Amino acid sequence: VNSCVAMRSTSATPTRCCAARPSWALRSRILTIPALVVGLAACTESREELGRELLSTYGCVSCHQIPGAVGLQGWVGPSLEGWRERRYIAGRLLNTPDELVRWIVDPPAISPGTAMPNLGVREGEAGLMTAYLFTLE
Amino acid sequence: MLLTHKATVWKVSLVTLLVAAVIGVVGATVYIYSGFYDIAAAEPHTGPVRSVLRTTARNSVERHARGVEIPNLADAKLIRRGFELYQELCVVCHGAPGVAKSRIGIGMNPNPPPLEDAVNYWKAEEIYWIIEHGLKMAGMPAFGIGVSPHNSWALTAFVMRLSSITPVEYARMAAAVSDPDPRVAEAFSWTRHEDPGWTTLLARGDAEEGRQLIRELGCGTCHRVPGVLGATGRNAPPLDGWSRRHYLAGIQMNTPALLVDWLVDPLAFKPGTAMPDVGASETEAWHIARYLYTLD
């Protein structure tokens with residue numbers, strides 16, 4: 001899944017991603033079909049789906065309530081419920097996908113003194129996270 | 001007749017149980033040896049597994065930490081020592097106010113939780129116990145191995161203090177300990193003196209008045225406020241669970257005194273904020289605050 005994230009954020013085709021693990025099919029003929037199905041399922045995950053997973057892996061959920069994201073959800077920062085309708089980011093930026101990416105990538109640059117740290121999220125990854133957050137109604 | 005019937009039932013049940021057990025063991029063995037289990041840390045545990053791990057850990061810590069004697073955790077020297085250890089040992093995985101955890105902490109499963117609000121979930125002796133003994137299946141190391149318990153207590157003292165440290169203050173602490181002149185760190189105020197305002201809240205705030213003020217001042221046009229008629233705004237963060245929220249406006253601690261300051265003059269509190277001055281007086285702000293802290 002992780003290699004797919006990298007592929008997706010640079011918009012490579014899913015098939016190329018699956019061809020990278022042939023050892024699966026070689027192990028047993030019986031495994032070929034399920035392996036292909038599982039592999040395809042992993043690679044055809046939507047941008048929103050990948051974004052949702054990144055919100056867990058980066059630990060965003062440990063501070064924010066994020067509907068649908070896996071993990072122990074915290075109350076350190078504000079809840080991100082209904083993000084699509086949100087008008088402002090950090091009370092400072094207008095909430096557009098581009099601005100949200102800018103915020104996620106480097107929060108202290110936009111709001112000095114903010115508790116939200118720069119986690120080293122790459123722009124492509126922030127784009128995926130944004131895609132998911134904008135599905136929240 | 002009855003006796004033989006009973007015996008058959010017993011036999012059948014026993015055989016069924018045995019068969020089920022054998023199938024279970026064989027199934028588990030096949031599963032373990034096939035390699036089908038995805039051991040990747042990037043792949044989250046399933047819901048039931050997470051729930052079992054969490055509940056087991058919570059109950060185990062509560063039981064084992066019982067009766068641990070707590071030293072004076074408000075001691076400035078202990079807190080300062082704790083801060084130095086925290087920077088060295090904890091930030092890597094847990095981060096700090098305004099400070100990100102490293103790639104090590106980001107890749108872990110389960111996610112190392114932020115410790116800013118750890119005091120809301122654990123008692124001091126439990127925090128000490130976790131630091132001293134670590135947590136299995138969570139990647140939390142036992143920091144007590146080979147060192148005096150004093151270190152774990154210093155860390156505990158700092159984690160207790162962490163709940164009242166803003167990002168800006170944390171940066172100041174870091175600057176103080178890394179100053180070449182040791183007197184700078186000595187002179188730094190390691191304990192907190194400001195009154196968070198909990199007693200004033202009880203004395204001056206009226207939740208029912210607060211609820212009405214929230215409606216009259218129109219807070220609900222931007223914020224969702226549970227329990228307030230028509231407060232379903234989506235422009236700004238929902239105020240559900242306000243009593244659990246750690247930060248206020250992303251820059252300050254969520255305490256009654258600071259919340260009142262924020263409500264009375266948001267722009268002075270956080271220049272450039274989209275939150276407008278709704279014209280709440282200080283008295284009114286205490287009422288509003290009292291209501292908001294009823295939200296769990």
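1. Before we look at packing, one definition: a contact here means heavy atoms within 4.5 Å. Please also keep in mind that this is a predicted model.

2. Helix α12 of chain B is a good place to start. This helix covers residues 256-264, and its buried residues are B:P256, B:L258, B:L259, B:V260, B:W262 and B:L263. Those buried residues pack against three helices of chain B, namely α10 (198-204), α13 (266-269) and α14 (282-292), and against the strands β1 (247-248) and β2 (252-253). A reminder that may help when you view the helix: an α-helix has 3.6 residues a turn, so residues three or four places apart point the same way.

3. Now to the cysteines. How many disulfides does a search of the whole structure find? The count over all chains is 0. A disulfide would need two cysteine sulfur atoms within 2.5 Å. For A:C63, the closest cysteine sulfur belongs to A:C60 and lies 8.7 Å away, so the pair is too far apart for a bond. A:C63 counts as partly exposed because its relative accessibility is 22%. In chain B, the sulfur of B:C219 has its closest cysteine sulfur in B:C222, at 9.1 Å, which is also too far for a bond.

4. Chain A deserves its own overview. Its secondary structure comprises 8 helices and 2 strands, ordered α-α-α-α-α-β-β-α-α-α from the N terminus. Of the 137 residues in chain A, 42% are buried.

5. Two further values describe chain A. Among its contacts with a separation of 6 or more, 44% join residues 24 or more positions apart. The chain exposes about 6800 Å², with 60% of that supplied by carbon and sulfur atoms.

Definitions and conventions
Residues numbered from 1 in each chain as written. Chains lettered and ligands numbered in written order. Predicted model: local features only at pLDDT ≥ 70, side-chain atom pairs only at ≥ 80, totals over all residues. Heavy atoms only, no water. Buried < 20%, exposed > 50% of the residue type's maximum accessible area, 1.4 Å probe, protein only. Helix = DSSP H or I, 4+ residues; strand = E, 2+ residues; numbered from the N terminus. Areas by Shrake-Rupley, 256 points an atom, 1.4 Å probe, with all protein chains shown as cover.
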